[in-house]
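Please consider the following structure with attention to its internal spaces, its charged pairs and the packing of its helices. The paragraphs below take these topics in turn.

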Amino acid sequence: DDWIAPDMYEIFVKVLLKTNVKIIQGSFVKTRSSSFKFSKEKEIKYSIINNKQALYNMYDGQRYLEYVVVCNKLYHKSLFCNILFPVGRVNEDEFVNYKLFWGVDKIAIVHKIVYAYRNRPGSIMNQKFSMKRFDVIDALDERIDFYCITKEYELMMKTIVYRNNLLYKYLKQNTKNRDMNF
């Protein structure tokens, strides 16, 4: 359903050779279209950010998905020695990406759309509300514990606020489906 730019990995390898980073991230777009046309820019524009900036960017509403999902990134295989995706969970990216960012000093951000996510009616995220949606709350609880252990209290607070707002939204959706007021 989704599309990657035909030159996504070529761009990532070129940036990798110039920067020697362990995570490269490209821009991400959501679309409802049945096709997507990527731009064909000759010059590769990128910037380097540190891991903490990447972690803070996960709470930027405009860029949230771009930083949380894994599909628009290239990772060095060594990052997955002790980090695994949870089996049978929805929103599995939420369980791992912050740990991957934590494990590096810097991240290369490519300023080009390289991944187009097709937002279609039958997709997991557009299905009728399900209790599986609460998997993301478990992931955020793990993230809160992680930030507490690592003494990243501001990131911990941002995660608590985000988690509680999301929980409220999900509970409100679920109670509406049951003709209850919340």
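**Pockets, salt bridges and buried helices**

Helix α1 (residues 8-19) supplies the largest share of the lining of the second largest pocket, namely three residues. The model discussed here is a predicted one. The volume of this second largest pocket is about 210 Å³. Its lining consists of 13 residues, and those nearest the centre of the pocket are Asp7, Ser39, Lys40, Glu41 and Lys112. By class, the lining of the second largest pocket comprises eight charged residues, four nonpolar residues and one polar residue.

From this open space one may turn to an enclosed one. How many cavities of 30 Å³ or more does the structure hold? There is one such cavity, and the volume of the largest cavity is about 40 Å³. The residues that line the largest cavity are Ile11, Glu41, Glu43, Ile44, Lys45, Val110, His111 and Lys112. Strand β5 (residues 106-118) contributes the most to this lining, with three residues. Four charged residues, three nonpolar residues and one polar residue make up the lining of the largest cavity. Glu41 and Lys112 appear in the lining of the largest cavity, and both are also among the residues that lie nearest the centre of the second largest pocket.

Charged side chains also pair with one another. The count of salt bridges in the model comes to nine. One of them joins Glu10 and Lys14, whose closest N and O atoms are 3.2 Å apart. These two residues are four places apart in helix α1, so about one helical turn separates them. Glu10 is partly exposed, at 46% relative accessibility, and Lys14 is likewise partly exposed, at 42%.

A second salt bridge links Glu152 with Lys52, with the closest N and O atoms 2.9 Å apart. Glu152 is in the loop between α5 (135-149) and α6 (153-177), whereas Lys52 belongs to helix α2 (residues 51-57); the pair therefore ties together parts that are 100 residues apart in sequence. Is Glu152 buried or exposed? Glu152 counts as buried because its relative accessibility is 13%, under the 20% limit that defines the buried class. Its partner Lys52 is partly exposed, with a relative accessible area of 34%.

Asp60 and Arg63 form a further salt bridge, in which the closest N and O atoms lie 2.9 Å apart. Asp60 is partly exposed at 24% relative accessibility, and Arg63 is partly exposed at 33%. Salt bridges also connect Arg89, Asp135 and Asp138 into a network.

The account now moves from charged pairs to packing. Helix α4 (residues 93-102) is mostly covered, since eight of its 10 residues are buried. The buried residues of α4 are Asp93, Glu94, Phe95, Val96, Asn97, Tyr98, Leu100 and Phe101. Which elements cover them? The covering elements include the strands β2 (23-31), β4 (73-75) and β5, together with the helices α2, α3 (64-68) and α5. Strand β5 has thus been met before, as the element that gives the most to the lining of the largest cavity.

Helix α6 offers a single buried position for closer inspection, Thr159. The relative accessibility of Thr159 is 0%, and this residue therefore counts as buried. When neighbours within four places in sequence are left aside, Thr159 is in contact with Tyr59, Leu140, Arg143, Ile144 and Tyr147.

An exposed position provides a contrast. Ser34 is located in the loop between β2 and β3 (46-50). With a relative accessible area of 57%, Ser34 counts as exposed. Ser34 nevertheless touches Trp3 and Arg118, residues up to four places away in sequence not being counted. Ser34 and Lys99 are 65 residues apart along the chain, and a distance of 33 Å separates their C-alpha atoms.

Finally, the cysteines may be considered. How many disulfides does a search of the whole structure find? The search finds zero. Cys71 is partly exposed at 25% relative accessibility, whereas Cys81 is exposed, with a relative accessible area of 61%.

Technical notes: Residues numbered from 1 in each chain as written. Predicted model: local features only at pLDDT ≥ 70, side-chain atom pairs only at ≥ 80, totals over all residues. Heavy atoms only, no water. 1 Å grid on protein atoms, 1.4 Å probe; cavity = no way out; pocket = protein on both sides within 12 Å on 5 of 7 lines; lining within 4 Å. Points joined across faces, edges and corners; volume = space filled by probe spheres on them. Nonpolar A, V, L, I, M, F, W, Y, C, P; charged D, E, K, R; others polar. Salt bridge = Lys/Arg side-chain N within 4 Å of Asp/Glu carboxyl O. Buried < 20%, exposed > 50% of the residue type's maximum accessible area, 1.4 Å probe, protein only. Contact = heavy atoms within 4.5 Å. Disulfide = S-S within 2.5 Å.
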